[in-house]
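Biologist: I should be grateful for a close look at one part of this model, namely its loops and the backbone found in them. Please take the residues in turn.

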Amino acid sequence: MASVDFLKILVVTFNCGRQFLKPATFAQQLSNELYGSQRPEILVLSLQEIAPIAHSFLGGSYLVRYFLRFFLAVKAATKAIEYGNYVPLITRNVGMTGCIIFVLEEHKSKIRWIESAGVGVGVQGMANKGAVGIRLGYAVSEETLELAFVAAHLAPMEDALDRRNEDWMNIVRGLVFTPTNSKNIPTAAKQTATSDESEALLANSPEDVDQRPRGIYTPTSHLIFAGDLNYRTSSTGPRPSDHFAFPQPTTEPTDPHHYSHLLRNDQLTSELKADRTCHGLQEAPIDFPPSYKYSTRAQLLAETDDANAKWDWAKHRWPSWCDRILYLDLPSWMKAEMPGAKIEVEKYTALPLTPSSDHRPVLLAMRVPLKAIPTPEEGQGARDLRIRPPFEIDPLWRKKRKVARRKEIFVGLLAYLFLTWEGNGILLALAVGMLVGWIILRSMLEV
């Protein structure tokens, strides 16, 4: 049996809490994970609640300062361990959910093409909740290895289980990938990578990519789904006394405060088994404490020596594994052709709490065979979800996204004017201008 080469991928999902990231803190966490004998060729950041709603909905230059801090963190992380440089390949957001993909500089020429997608599943289809997808074509000799990454944020609250499953359905129906090119690289990315690098990365955007609608399930593509999926450990909020039973640091599984007891109530695990969400996706075993919801006090102590002495939970939410990373296994026809091929998970864990969020980032280090998924022959994999997805693509997906985008801009403008200091300044200037104008006009009429 021939040996199989692998492509290493590092995926981190993080709910940013609508706050500025502290690059030094995130860089230290990343450097610890990047250090090793084999560097990941691809680094993926799945981000939720990137910025306040005004900045997220307006997008563009309003998000530059938020994204730039992640670029600085990655740059600092690689510098700290004297590794090769990671260059930002593409940055995408839809409302408050975003995705940044970095690639090792020496591998950038292997990116043949890029597709991207976005869908809102929040109020009236707006992207206060939603998903953004990026699919890459990675050169493997004469073949092309396809990798699809989806960053998502689903409905919150303990009692919103059905809504989360509905959000998943709407993501499958509305997340449609279309080709992108260098003209679409956001300003923030251009500030981090030179224009020449940006052009070189995407110079090979394909003429021959299938122009038919391509959703998250396609016969020849890998799929990694990461985000704040918001599945909880209870369908109701905790009672006043329940917080005494919340998990605490202990290595003894028989201890009633060990997190494994609460994990048995995880909604996502149950829904996956019942085939009601994330169809066909699988997850590495969870061997880390809940990623949400930590108290304000815990955030203040995040960078102190007392950070791990006790887990300080918010008392009005059940601690839960909201932040998850799942993936689609190799198709049956590839396993039959390559018996030794498999996806390997090297690490699945939660990173330390940061001062800016009540979520802990979650990380997945994985290796996928450095071999393109072959096109199935007729009759192969007839029941495989890559060929027969759980939901059909919505024929009105493009129209619905355009309508929702107009609503986002309107809401974003209102939020900017009334909820930010800059917007308040504009309103004050307008009010003063109108008052002065009225006084001048009145004085002229009285003459």
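Modeller: Two residues are in contact when heavy atoms of theirs lie within 4.5 Å. The model is a predicted one. I begin with Thr-354, which sits in the loop joining β12 (344–350) to β13 (362–369). With neighbours within four places in sequence set aside, the contacts of Thr-354 are Phe-14, Thr-25, Gln-29, Gln-299 and Ala-302. Buried means under 20% relative accessible area; Thr-354 has a relative accessible area of 2%, and is therefore buried.

Two of these contacts lead to other loops. Phe-14 belongs to β1 (6–15), while α1 (23–34) follows after a loop that holds Arg-18. Thr-25 and Gln-29, also contacts of Thr-354, fall within the range of α1 (23–34). Gln-299, a further contact, falls within α9 (296–300), and the loop between β10 (281–282) and α9 contains Lys-293.

The backbone of these loops deserves attention. Most residues other than glycine have a negative phi, and most peptide bonds are trans. Against that background, the peptide bond from Tyr-292 to Lys-293 is cis, its omega being near 5°. Arg-18, although not a glycine, has a positive phi of about 60°. Its relative accessible area is 36%, so Arg-18 is partly exposed.

Gln-124 lies in another loop, between β5 (111–120) and β6 (130–140). Gln-124 is likewise not a glycine, yet has a positive phi of about 50°. With a relative accessible area of 58%, Gln-124 is exposed.

Technical notes. Residues are numbered from 1 along each chain as its sequence is written. This is a predicted model: local features need pLDDT of at least 70, side-chain atom pairs count only at pLDDT 80 or more; totals for chains, interfaces and linings use all residues. Side-chain values use heavy atoms; hydrogens and water are left out. Helices (H or I, at least four residues) and strands (E, at least two) are DSSP runs, numbered from the N terminus. Buried means under 20% relative accessible area, exposed over 50%, partly exposed in between (1.4 Å probe, protein chains only).
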